[in-house]
Amino acid sequence: MAKNLLIVESPAKAKTINKYLGKDFHVLASYGHVRDLRPKEGAVDPARGFAMAYEVIERNEKHVDAIAKAAKVADAIYLATDLDREGEAISWHISEILRERGLSEGKEMHRVVFSEITPRAIKEAVASPRRLSHDLVDAQQARRALDYLVGFNLSPVLWRKVQRGLSAGRVQSPALRMIVEREEEIEAFKAREYWSITADLAHAEGGFTARLTQLRGKKFEQFDLTNEADATAAREHLVDAAKGRLTVSEVTSRERKRRPAPPFTTSTLQQEAARKLGFSTSRTMRVAQGLYEGVSLGAEGNVGLITYMRTDATALSNDALVELRELIQRDYGAKALPDEPQVYRNKSKNAQEAHEAVRPTSAMLTPRSIASFLSDDQRKLYELIWKRTVACQMIHATMNTVSVEFALRDSSFRATGTTIVDPGFLAVYEEGRDQKNEDDDEQRRLPRLEKGDVVSLTDILADQHFTEPPPRFSEASLVKTLEEYGIGRPSTYASIIQTLLGREYVLLDSRRFKPTDVGRAVSNFLSGHFKQYVDYDFTAKLEDELDAVSRGEEAWVPLLERFWQPFKALVDDKTETVDRNEATGARELGADPKSGKPVSVRLGRYGAYAQIGSKDDEDKPTYASLRPGQSMHTISLPEAIELFKLPRNLGQSAAGEEVTVGIGRFGPFVKQGSIYASLKPEDDPYTIELPRAEQLVQEKLEAIANRIAKDFGNGIQILNGRYGQYISDGEKNARIPKDKEPMELTLEECIALLAAAPVKKPRGGKAAKKTATKKAATKKAATKKAAADGGAPAKKAAVKKVASKAAKKTAKKATKKAVKKAPGTATKAATKKAAVKKAASTEA
């Protein structure tokens, strides 16, 4: 048995490291976090110095047991989890579990860190271990406690005031606010008209264009021409002055140097992968994790290809710099090398977390040489990291910018262009941009021109433009903005975005974030009532304080105390005082032309809807769901009135049944008799006609008919399912044994298989959860009441409960007897019940 136990986070990393350390080491994986706060109220107790109640994560219990078993017989334990705050916390949790189980006493406990999984890095780390950093652990605990306190206290307020099942987060909420505010900017934006004037010029070396820079002795500004008449007059004036040619009045040339971008940090990697590869932040981190933990390179076995991918640092190790310079000299020549290595300043104040940038573990492993061993995503991301790292140590690019002026009486035009004198690092890599600038002249080439040259004028063009609103955030621009504001940390950006998408607070529209009505309601509610806690500066300051804890400059408990007391007081106040309609962003649009009743839009359990009338009216209000793409924040009165045209009566089917179209919980549908059929994406419920509706119903009937393989006539059927045939009675489903022929099964065999089958769980588990919660609340209230009454009525209640059960049992027996006496009636009732249930389930 190996005398040393080394614990890492992932099995892939364990596999790679195992071969480097030999038989003296047993390498095991924790499979990520091993403990977390108990998922219930009171897991963080402010009254006891923010004591935190942890428990082993259920899915990782077997891995924890395996670590404990190995630790029992090991002489020394090496905690080799990731080198950031999260990794430090995982190591601490493992050490605490082992201590609580009495397995660490008398054993050496070491903390080892490495930023790359290579034989040299692993052996060096094991040879020079350190102690656990309790400052980093405290910072992570404070972060976790804050997230818990915000989530467990703010989310219930959202449930009561906005909608059930919502959540608020310390970092996700300011990020959501950012997206919502941008959407509101776009909606409030008023486009302005403006006109530009350009000259098309002809030259032997190729045609080019020049922009108007001066008009009638005045500098030409963007909004100098704001209508067609003025633009046409200006163009005619210039055409008349030019007489078919322009003369070069001045040529200026300026040489400039452009430095390469620094090597990747986590956030710049996420941004560039989004821009250039179209990767989401979570996809980038998932692929990077695989490259870091190790990829099998044939005979070489598993090799870690990049350094640790969660970092704020732009530094490179001396060994990496030496290797990069060797590669550049070999592949691009000595002229591509600067005299000294390029040094990039690290913005991070956290010395303990300032590791290396994301780089290849060996620059000599070129993308081409290992491409055959990588998946498509791995190859793309590795190539991006490799190119950026190599380019960052190459010589600057030298550009020559030329500007040519064309004077024309009281006006002038200018043409600009750039030539690359020496590509330098651009021979390998150029950083992407979120937006292309229309006036970017970097790629424009100009012919050789000198002062006094006369150039033929092909035409002068006046073009109409309109100002555009700011663009919605892409993943790259959102990450960049979060980083600029100091909100969150690079390692959390992917999970923030996933939470916003998963909660359906935002959706991706053409790869840009658009807030949903629910997202806007949540953001506006928090911004209106918990302004401080979604404030960008406040969130960034809190992040800085957590960083100060990780550096040992601040204690974590006083930080939590300063946050908790005013936060809890505000939560208690808003729970009682905020009106739900105001919280959800309900809007009154005007009056219904027919009834004169108010028309409003509101947020309900299943999304936004329009309403005519109010609950105080004698008649019940009428409701209509919003159409896809409509928002309760922008919908107009005429658009809302249009919604009440549903349900529409389309006429009668050939069988004489009424055919209607409407919108239900699961979207638009056609109804004929008791049959519901969903509309296809191309069908519009407001314009669909009877023939198409009948076609959809026929398709649904055929699908139902094809679904039933055998019907016993008493509710029990053999059905064709997605994974083969099965038995169902509407309440329970039963598998058919492999040795049985489905169509040969008897009714008795089907009844026996159904009796042995497990009870179907409610879809999504929500119904079951709701019932359980209700039961628990009732039980709790009854117990509390009994306790308050001195306990005597509890006995009475128990007796009453037993009597009630006995009465129910007797009634059940009587019902059974009645069913036996009148089988026709029972069958009829069962059939009716099944039909109602079936109709409800088919409305999809």
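# Notebook: loops, strands and cores in a predicted model

**Entry 1, Lys243.** I began with Lys243, which is exposed, with a relative accessible area of 59%. The model is a predicted one, and I kept that in mind while reading its backbone angles. Lys243 has a positive phi of about 55° although it is not a glycine, and I placed it in the loop between α7 (228-242) and β12 (245-258). Lys243 counts as exposed because its 59% lies over the 50% cut-off.

**Entry 2, the hairpin of β18 and β19.** I then looked up Ser510, another residue other than glycine with a positive phi, near 55°. Ser510 sits in the loop between β18 and β19, two strands that form a hairpin with two residues between them. Is Ser510 buried or exposed? At 66% relative accessibility, Ser510 counts as exposed.

I followed the hairpin outward from the turn and found that strand β18 (residues 506-509) and strand β19 (residues 512-515) run antiparallel and are joined by four bridges, with Leu508 standing opposite Phe513 of β19. The side chains of a regular strand alternate between the two faces of the sheet. In β19 I noted a covered face made by Phe513 and Pro515, and an uncovered one made by Arg512 and Lys514.

**Entry 3, strand β7 and its neighbours.** Which residues of strand β7 (residues 76-79) lie on each of its faces? I found Ala76 and Tyr78 on one side, with Ile77 and Leu79 on the other, and both faces are covered, since the four residues are all buried.

I looked next at the pairing of β7. Strand β1 (residues 4-8) runs parallel to β7 and is joined to it by four bridges; within this pair, Leu5 stands opposite Ile77. Strand β8 (residues 108-111) also pairs with β7 in the parallel sense, over four bridges, and here Leu79 of β7 stands opposite Arg111. I then traced the connection from β7 to β8 and recorded that β7, helix α3 (residues 85-100) and β8 make a right-handed β-α-β unit.

**Entry 4, the sheet of β24 to β27.** I turned to an open sheet of four strands, which come in the order β24-β25-β26-β27 with antiparallel pairing. Its edge strands are β24 (648-652) and β27 (675-678), each of which pairs on one side only. On average, neighbouring strands of this sheet are turned by 25° against each other, with direction ignored.

What packs on the sheet? Helix α20 (residues 690-707) does, touching β24, β25, β26 and β27, and its direction makes about 105° with that of β27. Inside the sheet I checked strand β25 (residues 658-664) against strand β26 (residues 667-672), and found them paired in the antiparallel sense over six bridges, with Phe669 in β26 as the bridge partner of Gly662.

Just before β24 I looked at the peptide bond that joins Leu646 and Pro647, which is cis, with omega about -5°. Pro647 belongs to the loop between α19 (637-643) and β24.

**Entry 5, the nonpolar cores.** I went on to the interior. In soluble globular proteins, nonpolar side chains tend to be buried together. The largest nonpolar core of this model has 104 residues, and those with the most contacts inside it are Phe525, Leu526 and Val670. Which helix gives the largest share of this core? It is helix α5 (residues 134-161), with eleven residues.

I took Leu526 for a closer look and, leaving aside residues up to four places away in sequence, found that it touches Leu154, Leu158, Ala168, Ser173, Lys531 and Val534. Apart from the largest core lies another one, of 65 residues, among them Leu83, Ile117, Ala273 and Leu324.

**Entry 6, totals for the protein.** I closed with values for the protein as a whole. Its secondary structure comes to 24 helices and 31 strands, and 44% of its 844 residues are buried. Of the contacts between residues at least 6 apart in sequence, 68% join residues at least 24 apart. The protein exposes about 45,500 Å², of which carbon and sulfur atoms supply 51%.

Definitions and conventions
Residues are numbered from 1 along each chain as its sequence is written. This is a predicted model: local features need pLDDT of at least 70, side-chain atom pairs count only at pLDDT 80 or more; totals for chains, interfaces and linings use all residues. Side-chain values use heavy atoms; hydrogens and water are left out. A nonpolar core is a set of buried Ala, Val, Leu, Ile, Met, Phe, Trp, Tyr and Cys residues joined through side-chain atoms within 4.5 Å. Buried means under 20% relative accessible area, exposed over 50%, partly exposed in between (1.4 Å probe, protein chains only). Contact means heavy atoms within 4.5 Å. Two strands pair if DSSP finds at least two bridges between them. A crossover is right-handed if, with the strands pointing away from the viewer, the path from the first strand over the helix to the second runs clockwise. Accessible areas come from the Shrake-Rupley method with a 1.4 Å probe; for residues, only the protein chains shown count as cover. Axes are lines fitted to C-alpha atoms, for helices over the stretch in contact, and angles run from 0 to 180 degrees between N-to-C directions.
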